[in-house]
Amino acid sequence: WCTHILSPKVCNNGKWEYKSIKYESYHELAYLHPENFTPLKEIAAKYVKLDRPYYLMRFAKLNVHHDIGIKGISNDLAWKIIDILKPHGKVYITSERALPGELESYRLKIDPLEIHHVMAFASLYIGDSQTMAAEAGVLGVPFIRFNDFVGKIGYLRELEEKYRLGYGISTYHPDQLVTTTNELLKMHFRKDVFSKRKEKMLSEKREFNECLIDLIESYS
């Protein structure tokens, strides 16, 4: 019954497209745009060791209404990815779901308000959470998201396909998750490559709060 829907320009709102107001930005840029967020090593250092590469994994519960029938990273697949990552650095997991004992030892105990400081200095993000994948992307951290939403969400597809800030992989292709992880680990000058891709994205997107202010001030 709402009269207007606000969404990123790249998103298609289907039968409600006629009442959509589109903006050239992402929600994540409301709080992670460089004008609003500066990653601080002193905050990240409270939780992780910054003297060697580290990798952040995220497991969502996938149990809310829009997640019905959606699958993500299984415990067995998590172990495969951890075995790939461990020779290259430290692995940390944040998880909404309960983890079996051995996986639990990788859990990062952190104030959620400070997770983005840790994420910003990570070498790679892998998870089945949509939002955290996008957050990694706008921070210039290579991301791999593995779930059944891949290909269905416009702004994430744009981050992946236009700006090449990450990779979306369906749960039908677990081998591709392994392959992509290995390819990213072997990429030369990975940090510089993704930093340039992030700058291109930022040059074409607006800081989200500016979009809201313009709408409020010019609304009629």
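Let's start with serine 7, which sits in strand S1, residues 5-8. A word of caution before going on: this is a predicted model. Buried or exposed, then, for serine 7? Buried, with a relative accessible area of 5%. Setting aside residues up to four places away in sequence, serine 7 touches Asn13, Ile21, Lys22 and Tyr23.

Next, tyrosine 26. This residue is in the loop between strand S2, residues 20-23, and helix H1. Its relative accessible area is 0%, so tyrosine 26 counts as buried. Which residues does tyrosine 26 contact, leaving aside neighbours within four places in sequence? Val138, Tyr155, Glu158, Leu159, Tyr163, Met201, Lys205 and Phe208. Keep Met201 in mind, as it is also one of the buried residues of helix H9. One distance for those who like C-alpha pairs: tyrosine 26 and serine 129 are 103 residues apart along the chain, and their C-alpha atoms are separated by 16 Å.

Now the strands. I'll take S5, S6 and S7 in order.

Strand S5 covers residues 124-127, and it pairs with S6 in the parallel sense over 3 bridges. Within that pairing, glycine 127 stands opposite arginine 145 in S6. What links the two strands? Helix H6, residues 130-138, joins S5 and S6 in a right-handed β-α-β unit.

On the other side of the story, S6 pairs with strand S7, residues 166-169. That pairing is parallel too, over 4 bridges. The chain gets from S6 to S7 through helix H7, residues 154-162, and this β-α-β crossover is right-handed. Two facing pairs to look up on your screens. Phenylalanine 143 is opposite glycine 166 in S7. Phenylalanine 146 has isoleucine 169 in S7 as its bridge partner.

Stay with S6 for a moment. Which way do the side chains of strand S6, residues 143-146, point? Phe143 and Arg145 go one way, Ile144 and Phe146 the other. All of them are buried. That includes Arg145, the residue opposite glycine 127.

On to helix H9. It has 15 residues. From first C-alpha to last it reaches 22 Å, close to the 21 Å expected at 1.5 Å a residue. Which residues of H9 are buried? Arg190, Phe194, Arg197, Lys198, Met201 and Leu202. These buried residues cover an arc of only 140° around the axis, which puts them on the same side of H9. The face turned away from that buried side carries the exposed residues Lys196 and Ser203. What covers the buried residues of H9? The cover includes helix H1 (29-32), H6, H7, S7 and helix H8 (174-186). Several of those names you have just heard. H6 belongs to the unit between S5 and S6, and H7 is in the crossover from S6 to S7.

Last topic: salt bridges. Side chains of opposite charge can pair when their charged atoms come close. With a cut-off of 4 Å between nitrogen and carboxyl oxygen, the count comes to 15 salt bridges. I'll show three.

First up, arginine 107 with glutamate 104. Their closest N and O atoms are 2.7 Å apart. Arginine 107 is partly exposed, at 22% relative accessible area. Glutamate 104 is partly exposed as well, at 27%.

Then glutamate 204 with lysine 162, at 3.3 Å, N to O. Why pick this one? Glutamate 204 lies in H9 and lysine 162 in H7, so the pair ties together parts that are 42 residues apart in sequence. Glutamate 204 is partly exposed at 31% relative accessibility. Lysine 162 is partly exposed too, at 46%.

The third is glutamate 210 with arginine 206. Here the closest N and O atoms are 3.8 Å apart. Both ends are partly exposed: glutamate 210 has a relative accessible area of 32%, and arginine 206 has 33%.

Beyond these pairs, there is a network. Salt bridges with shared partners join Lys9, Glu24, Glu158 and Lys205. Two of those names came up earlier: Glu158 and Lys205 are among the contacts of tyrosine 26.

That's it from me. Questions, please.

Note on methods. Residues are numbered from 1 along each chain as its sequence is written. This is a predicted model: local features need pLDDT of at least 70, side-chain atom pairs count only at pLDDT 80 or more; totals for chains, interfaces and linings use all residues. Side-chain values use heavy atoms; hydrogens and water are left out. Buried means under 20% relative accessible area, exposed over 50%, partly exposed in between (1.4 Å probe, protein chains only). Two strands pair if DSSP finds at least two bridges between them. A crossover is right-handed if, with the strands pointing away from the viewer, the path from the first strand over the helix to the second runs clockwise. A salt bridge is a side-chain nitrogen of Lys or Arg within 4 Å of a carboxyl oxygen of Asp or Glu. The expected span of a helix is 1.5 Å times one less than its number of residues. The arc is that of the directions from the helix axis to the C-beta atoms. Contact means heavy atoms within 4.5 Å.
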